[in-house]
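Please open the structure in a viewer and keep a selection panel at hand. The tour goes from stop to stop, saying what to select and what is there.

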Amino acid sequence: MLDKLQIVKQRFDEVSDLIIQPDIISDQKRYVELTREYKDLRILMDKRNAYIELTNNLKEAEEIISDGSDPEMVEMAKMQYDEAKEGIPKLEEEIKVLLIPKDPEDAKNAVVELRAGTGGDEASIFAGDLFRMYTKYCESKGWNVSTVDFSEGTNGGFKEIQFEVAGEDVYGTLKFEAGVHRVQRVPQTETQGRVHTSAATVMVFPEAEEFDVEIDPKDVRIDYFCSSGPGGQSVNTTYSAVRLTHEPTGLVAQCQDQKSQHKNKEKAFKVLRSRLYDLELAKKQEEDAAKRGSMVSSGDRSAKIRTYNYPQGRVTDHRIGLTLYDLQNIVNGDIQKIIDELQLAENTEKLKASDDVI
């Protein structure tokens, strides 16, 4: 373990030196990458220091106990020995997880898109419930949520809604939410009291920086139109909404959330960049998942990942067979326990796949 941590220390020293070099600071892409790496390595360095301290304590305690000349010192050494013996395996497990190569996308912000699926009005209402769930979860994490575009359902909720989430390790956390979510409940529109199954699709893209994706302006058709929905007279009567069509791929991004045409255009370009970036990422995820046989983040957008069953008060994540009878709190944004289990499952898969590294 110490040999591996020594390699980490060498890289940490190297990165610490690089991020103060003028040529690195002037290269935005390289500087951002190295700053993120420095932050991750700093956590490992703190664990390394704690590990060295514990192993030194263990060695010192063993020496005092084997000497045995001072009973009082031996008693204290036994306590120190027990603490070190208990602490070292726990710390080793933490370090093993931290040594798993990190996905560089995980630190990025995210663009999330919710779309009502099968189930008519009830599916739109459910998409609205999911939006509320994610908004409350993001607020609890101290993340900033900003709506990009939406289309309201006829009976409430949304046919589709797009929003940006900014904060720390957003994509690395929310990427587990991508897939088809199902709800089983008696819809508001149901008069016979029968339980219906409806669905909504969640898509999560890492927010691409300008240097991640270069878009040729000649490839983009820009249309301006009047915004719909709330926002006052100026929103509904001026051509402030923007729709971008990337002609080589057919991808469309639009924004009507801001009063300013310029701000809407800026947001729409951000979404378009993220969609193009995600096209490449989805291919890579499928390849990685095929190699590992992963069920946690397979890149398959059509996979049914979770069911919210209201009559039983149950939420089931089908990828890891996790069932929680805590539906009310979960739909109110308390999804951390589900994400923790999914991250644990993914880390376990990665540990198995990288035994040669750890």
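The stops below cover two sheets, a helix, a cavity, an aromatic pair and a pocket. Keep in mind throughout that this is a predicted model.

**Stop 1: the eight-stranded sheet**

Select the strands in the order β2-β3-β1-β5-β4-β9-β10-β11; these eight form an open sheet with mixed pairing. Now colour β2 (144-152) and β11 (322-324) separately. Each of these two has a single partner strand and stands at an edge, so one side of each is left without a neighbour in the sheet. Averaged over the sheet and ignoring direction, neighbouring strands are turned by 15 degrees against each other.

Next, zoom in on the end of the sheet that holds β10 and β11. Strand β10 (residues 314-317) pairs with β11 in the antiparallel sense, over three bridges. Which residue is the bridge partner of V315 in β11? Select L324 to see the partner.

**Stop 2: helix α5 on the sheet**

Add helix α5 (residues 120-140), which packs on the sheet. The strands touched by α5 are β1 (110-116), β2, β3 (158-166), β4 (179-185), β5 (196-206) and β9 (304-309). To compare directions, show α5 with β4: the two make an angle of about 115 degrees.

**Stop 3: the cavity**

Stay with α5 and select F126, D129, L130, M133, Y308, Y310 and V331, which line the largest cavity. The structure holds one cavity of 30 Å³ or more, and the volume of the largest is about 30 Å³. Which element gives the most to this lining? Helix α5 does, with four residues. By class, the lining residues are six nonpolar, no polar and one charged.

**Stop 4: an aromatic pair**

Across the whole structure, a search finds six aromatic pairs. For one of them, select F12 and Y38 and show the side chains. The ring centres are 5.2 Å apart and the planes stand at 20 degrees; planes under 30 degrees apart count as stacked, so this pair is stacked. Then show the helices that carry the rings: F12 lies in α1 (residues 2-18) and Y38 in α3 (residues 28-67), so the pair ties together parts that are 26 residues apart in sequence.

**Stop 5: the largest pocket**

Keep α1 and α3 displayed and add α4 (71-99), α6 (170-174) and α10 (336-353); these are the elements that give two or more residues to the lining of the largest pocket. Helix α3 gives the most, with eleven residues. To centre the view, select D40, I100, P101, K102 and D103, which lie nearest the pocket centre among its 41 lining residues. The space in this pocket is about 1300 Å³. How many of its lining residues are nonpolar, polar and charged? The lining has 16 nonpolar, five polar and 20 charged residues.

**Stop 6: the three-stranded sheet**

Finally, select the strands β6-β7-β8, given here in sheet order; they form an open sheet with antiparallel pairing. The edges are β6 (220-225) and β8 (251-255), each with a single partner strand, so one side of each is left without a neighbour in the sheet. Neighbouring strands here are turned by 15 degrees against each other on average, direction ignored. Strand β7 (residues 241-246) and β6 pair over six bridges in the antiparallel sense. To end the tour, select I222 together with L244, its bridge partner in β7.

Methods
Residues are numbered from 1 along each chain as its sequence is written. This is a predicted model: local features need pLDDT of at least 70, side-chain atom pairs count only at pLDDT 80 or more; totals for chains, interfaces and linings use all residues. Side-chain values use heavy atoms; hydrogens and water are left out. Two strands pair if DSSP finds at least two bridges between them. Axes are lines fitted to C-alpha atoms, for helices over the stretch in contact, and angles run from 0 to 180 degrees between N-to-C directions. Contact means heavy atoms within 4.5 Å. On a 1 Å grid over the protein atoms alone, a cavity is a set of points where a 1.4 Å probe fits but cannot get out, and a pocket is an open set with protein on both sides within 12 Å along at least five of seven lines; lining residues have an atom within 4 Å of a point. Grid points are joined across faces, edges and corners, and a volume is the space filled by probe spheres set on the points. Ala, Val, Leu, Ile, Met, Phe, Trp, Tyr, Cys and Pro count as nonpolar, Asp, Glu, Lys and Arg as charged, and the others, Gly among them, as polar. Rings of Phe, Tyr and Trp (its six-membered ring) pair if their centres lie within 6.5 Å; planes under 30 degrees apart count as stacked, over 60 as edge-to-face and the rest as tilted.
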